[in-house]
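Q: I would like a close look at a single part of this protein, with the rest brought in where it helps. Please keep the wording plain.

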Amino acid sequence: MNTQQEKAVLFVDLKSQADKLGHGIQKAMNRVMAHGRFIMGPEIFELERKLAEYCGVKYAVTCSSGTDALLMALMAIDIQHGDFVVTTPFSFIATAEVIALLGAVPVFVDIEPDTYNIDPEKLDQTISALKKNKTGVIRCIIPVDIFGLPADFEKINAIANSHGLYVIEDAAQGFGASLRENKACRLSDIGTTSFFPAKPLGCYGDGGAIFTDDDSIKEKLTSIRIHGKGGDKYDNIRIGINGRLDTIQAAVLLEKLKIFDWELERRNTLAAYYHDRLEGKVICQKINKGFQSAWAQFSFVTEQRDIIMKELNKKGIPCAVHYPKPLHLQKAFSFLGYAKGDFPISEKVSKTILSIPVHPYLAIESAEFISNTIISALCRR
Ligand SMILES: *Cc1c(COP(=O)(O)O)cnc(C)c1O
């Protein structure tokens, strides 16, 4: 039996990844079981050194999730009740949720139609308009590396500098990506990422990290992570959270980091194949010159989404819609007063976007099968 052909096409394939690592992950977990330092054990600090080195940044501070990474980053720059924080409506809820959680006000700016990332030109316009508004202070921008593709941080940082704002890169999907010679997570003042199992670098539960070159922000983050600790955790000098990463998860990540660049290469190969086969029949996410995606997703827009999804389903091929509803139309944010039509590009992309499997263990034959299925669905309509 040819197992490769018999193998079902999966959206992510953590089983094949574990097989590739042999007993590595199990052994790493056993080492933690043996030393018993489940909270802030030695693997945490080893991982932080390796992550910082990988991203070319001074500090990496691990934490409990990608959501908490964003929350802690906002806390570290003292975001206050009523402050304005500008972000994209085309993201996972967490990006804007943490802003509201702190009593700050999410302000959305529409995306570019081809990269699906926040539009720098509209960003500048929105910030200029906000500055005339006297009800709050604008403090920070949170661009998202959507589907693994970095936002245009060269333009965004210049805009932020001219207005005196912080920039936090939500690289939950972007770990491993780059913009020219700079890795994702180091593209602005603070970078955050997620180690949720399905992200480019995932652990076996929840996890995240925050990246910065700034000594005082790093100090604040390590304090916020453990209940606002001062000298020790029973000396509390600010309001913090329980935001630690488990030592076991750090051990898992150290193993997975060993093959991460190989995985990235695989994702790249598959993405290039898809682009070759599908561009023109659908419109693939545009990767501008100098940008390198981490390929958290391979996504395209098409008016024929329903037909394609139906055909993929019929063949047992998984696919996903990220995200069917932009954030400004979520009920949770109805208090912000946005309406349908406010961010037409995000709304249009939400209706036409589709993601197909691009995990590192997908055979090129499977990518061929998936491409053929999409193309024949488009011919048949
Ligand atoms: C996954 C994700 C998060 C949240 O990460 P968790 O680890 O699930 O908390 C935040 N922002 C974006 C863009 C994400 O994709």
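The part I have in mind is the largest pocket: which elements each supply at least two residues of its lining? Please also describe what surrounds those elements.

A: The elements are α5, residues 66–76, and α6, residues 94–101; each supplies at least two residues of the lining of the largest pocket. The largest share, three residues, comes from α5. This is a predicted model, so a word on confidence comes before the details. The mean pLDDT of the chain is 96, and 98% of its residues reach 70 or more. Residues 1–5 are a weak stretch, where the pLDDT is below 50. Beyond near neighbours in sequence, that stretch has two contacts in the model.

Now the pocket itself. It holds about 510 Å³ of space. Its lining is made of 30 residues. Nearest the centre of the pocket are Q173, F196, A198, K199 and Y323. Sorted by class, the lining has 15 nonpolar, eleven polar and four charged residues.

Y323 deserves a second look. This residue sits in the loop between α12 (305–314) and α13. The peptide bond that leads from H322 to Y323 is cis, and its omega is near 0°. One of the residues nearest the centre of the pocket is thus joined to the residue before it by a cis bond.

From α6 we can move to a sheet. α6 lies across four strands: β2 (84–87), β3, β4 (138–142) and β5 (166–170). Its direction runs at about 145° to that of β3. These strands belong to an open sheet of seven, and the order across the sheet is β1-β9-β8-β5-β4-β2-β3. The pairing in this sheet is mixed. Strands of a sheet pair through backbone hydrogen bonds, and the pairing can be parallel or antiparallel. At the edges of the seven-stranded sheet are β1 (59–63) and β3 (105–108), each of which pairs on one side only. Neighbouring strands are turned by 25° against each other on average, direction ignored.

The β1 edge shows one pairing in detail. β1 pairs with β9, residues 208–212, over five bridges, and this pairing is antiparallel. Within the pair, C63 stands opposite G208 of β9. Another helix is found on this sheet: α7, residues 120–131, lies across β2, β3 and β4. α7 runs at about 165° to β4. Both α6 and α7 therefore have β2, β3 and β4 among the strands they lie across.

The loop that carries Y323 ends at α13, and α13 leads to another sheet. Here three strands form an open sheet in the order β10-β12-β13, with antiparallel pairing. The edge strands are β10 (283–284) and β13 (353–356), each pairing on one side only. α13, residues 344–352, packs on this sheet, touching β12 and β13. The direction of α13 makes about 45° with that of β13. β12, residues 298–301, and β13 pair over four bridges in the antiparallel sense. One bridge joins V301 to I353 in β13.

The pocket is an open space, but the model also has closed ones. Two cavities of 30 Å³ or more are counted. The largest cavity has about 110 Å³ of space and is lined by 14 residues. Nearest its centre are L14, Q17, P197, K199 and R267. K199 is therefore named both here and among the residues nearest the centre of the largest pocket. α2 (14–20) and α11 (260–278) each give at least two residues to the lining of the largest cavity. That lining is made of seven nonpolar, three polar and four charged residues.

The second largest cavity has about 70 Å³ of space. Eleven residues line it, and K7, A8, Y361, L362 and S366 lie nearest its centre. The classes in this lining are six nonpolar, three polar and two charged.

One last local detail concerns the backbone. R180 has a positive phi of about 50°, although it is not a glycine. R180 is placed in the loop between β6 (178–179) and β7 (182–183).

Notes: Residues numbered from 1 in each chain as written. Predicted model: local features only at pLDDT ≥ 70, side-chain atom pairs only at ≥ 80, totals over all residues. Heavy atoms only, no water. Pairing = 2+ DSSP bridges. Contact = heavy atoms within 4.5 Å. Axes fitted to C-alpha atoms, helices over the stretch in contact; angles between N-to-C directions. 1 Å grid on protein atoms, 1.4 Å probe; cavity = no way out; pocket = protein on both sides within 12 Å on 5 of 7 lines; lining within 4 Å. Points joined across faces, edges and corners; volume = space filled by probe spheres on them. Nonpolar A, V, L, I, M, F, W, Y, C, P; charged D, E, K, R; others polar. pLDDT = per-residue confidence, 0-100.
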